[in-house]
Amino acid sequence: MAMHPLLKDHILPLRRYALALTGNTDQSDDLVQETLARAIEGAGSWDPRRDLRKWLFGIMHNTNASALRRRALEGEVADQIGSLASEAVPPTQFTQVHFSETIASLMRLPDDQREVMVLIAVENFSYKDAAELLDIPVGTVMSRLARAREALRGSSAAAPIDVPAGNRPSLRLVR
């Protein structure tokens, strides 16, 4: 016996039940549609000796329960994301000022020192790669980098800064 013609007799009771479950006409229509789609999809598992009405209401109940669990989970995830976003601390004024001063000091370096400093310290090129890129000997890279570091240390020494332990930049050991 085909189930599809029998479904239309149960649509109105399913709509009433869906409206009672959701309290919203749009959501109840979606729930009825989902229930009927699942019933048609699972028609092979329905035994014609069983009560079709009970089977359909069972599908609706389970579909609604799954939707509620999904919404609750989505709400929890949204709350967690929101709390993570609120825990994120914007950089302190001190950090922003120190960064700006460091960039200004970097930009005051001679071009040859600045480009070596950026390639090695910022872009993580090896001395050899930086030397090949700039077409200069490795020793020249090393001496320019040393002069650039000394100049930056000198500029930061002119304005001593007490950096809180949590805000100290991680430095890379360069060989």
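Between which two helices does the loop that holds isoleucine 136 lie? The legends below, which describe a predicted model, begin with an overview and return to this residue in the last view.

**Figure 1. Overview of the protein chain, an assembly of eight helices and zero strands.** From the N terminus on, the order of elements reads α-α-α-α-α-α-α-α. The protein chain has 175 residues, of which 24% are buried. Among contacts with a separation of 6 or more, 60% join residues that stand 24 or more positions apart. The accessible surface of the protein chain amounts to about 12300 Å², and carbon and sulfur atoms supply 57% of this area. Seven salt bridges are found in the whole structure; Figures 4 to 6 each show one of the pairs.

**Figure 2. A nonpolar patch on the surface, formed by Leu73, Val77 and Ile81.** Together, the three residues of the patch present about 280 Å² of accessible area. Leucine 73 belongs to helix 4, which covers residues 52-87. With a relative accessible area of 52%, leucine 73 is classed as exposed, because the cut-off for that class is over 50%.

**Figure 3. The second largest pocket, with a volume of about 160 Å³.** Its lining comprises Thr22, Gln27, Asp30, Leu31, Glu34, Arg38, Thr63, Asn64, Ala67, Arg70 and Arg71. Helix 3 (25-41) and helix 4 are the elements that contribute two or more residues to this lining. One of the lining residues is Asn64, which is placed in helix 4. Asparagine 64 has a relative accessibility of 7% and is therefore counted as buried. Beyond the residues up to four places away in sequence, asparagine 64 touches Leu21, Thr22 and Leu31. Of these contacts, Thr22 and Leu31 also appear in the lining of the pocket.

**Figure 4. The salt bridge between arginine 15 and aspartate 29.** The side chains meet with an N to O distance of 2.8 Å. This pair links distant parts of the chain, with arginine 15 in helix 2 (residues 11-22) and aspartate 29 in helix 3, 14 residues apart. Arginine 15 is partly exposed, at a relative accessible area of 41%. Aspartate 29 is likewise partly exposed, at 32% relative accessibility. Side chains of opposite charge can pair when their charged atoms come close.

**Figure 5. The salt bridge between aspartate 47 and arginine 49.** The closest N and O atoms of the two residues are 2.9 Å apart. What degree of exposure does aspartate 47 have? With a relative accessible area of 23%, aspartate 47 is partly exposed. Arginine 49, by contrast, is exposed, with a relative accessible area of 74%.

**Figure 6. The salt bridge between aspartate 111 and arginine 114 in helix 6.** The N to O distance between these side chains is 2.5 Å. Helix 6 comprises residues 111-122, and aspartate 111 and arginine 114 are separated by about one helical turn because they stand three residues apart in this helix. Is arginine 114 buried or exposed? Arginine 114 counts as buried, since its relative accessibility is 18% and the cut-off for buried residues is under 20%. Aspartate 111, in contrast, is exposed, with a relative accessible area of 53%. When neighbours within four places in sequence are set aside, the contacts of arginine 114 are with Leu106, Met107 and Leu109.

**Figure 7. Isoleucine 136 in the loop between helix 7 and helix 8.** The view answers the opening question: the loop that holds isoleucine 136 lies between helix 7 (127-134) and helix 8 (138-158). Although placed in a loop, isoleucine 136 counts as buried, at 17% relative accessibility. Apart from neighbours within four places in sequence, isoleucine 136 is in contact with Ala131, Val141 and Arg144.

Technical notes:
Residues are numbered from 1 along each chain as its sequence is written. This is a predicted model: local features need pLDDT of at least 70, side-chain atom pairs count only at pLDDT 80 or more; totals for chains, interfaces and linings use all residues. Side-chain values use heavy atoms; hydrogens and water are left out. Patches are made of residues with over 30% relative accessible area and no salt bridge: like charges are joined within 9 Å, nonpolar side chains (Val, Leu, Ile, Met, Phe, Trp, Tyr) within 5 Å. Accessible areas come from the Shrake-Rupley method with a 1.4 Å probe; for residues, only the protein chains shown count as cover. Helices (H or I, at least four residues) and strands (E, at least two) are DSSP runs, numbered from the N terminus. Buried means under 20% relative accessible area, exposed over 50%, partly exposed in between (1.4 Å probe, protein chains only). Contact means heavy atoms within 4.5 Å. On a 1 Å grid over the protein atoms alone, a cavity is a set of points where a 1.4 Å probe fits but cannot get out, and a pocket is an open set with protein on both sides within 12 Å along at least five of seven lines; lining residues have an atom within 4 Å of a point. Grid points are joined across faces, edges and corners, and a volume is the space filled by probe spheres set on the points.
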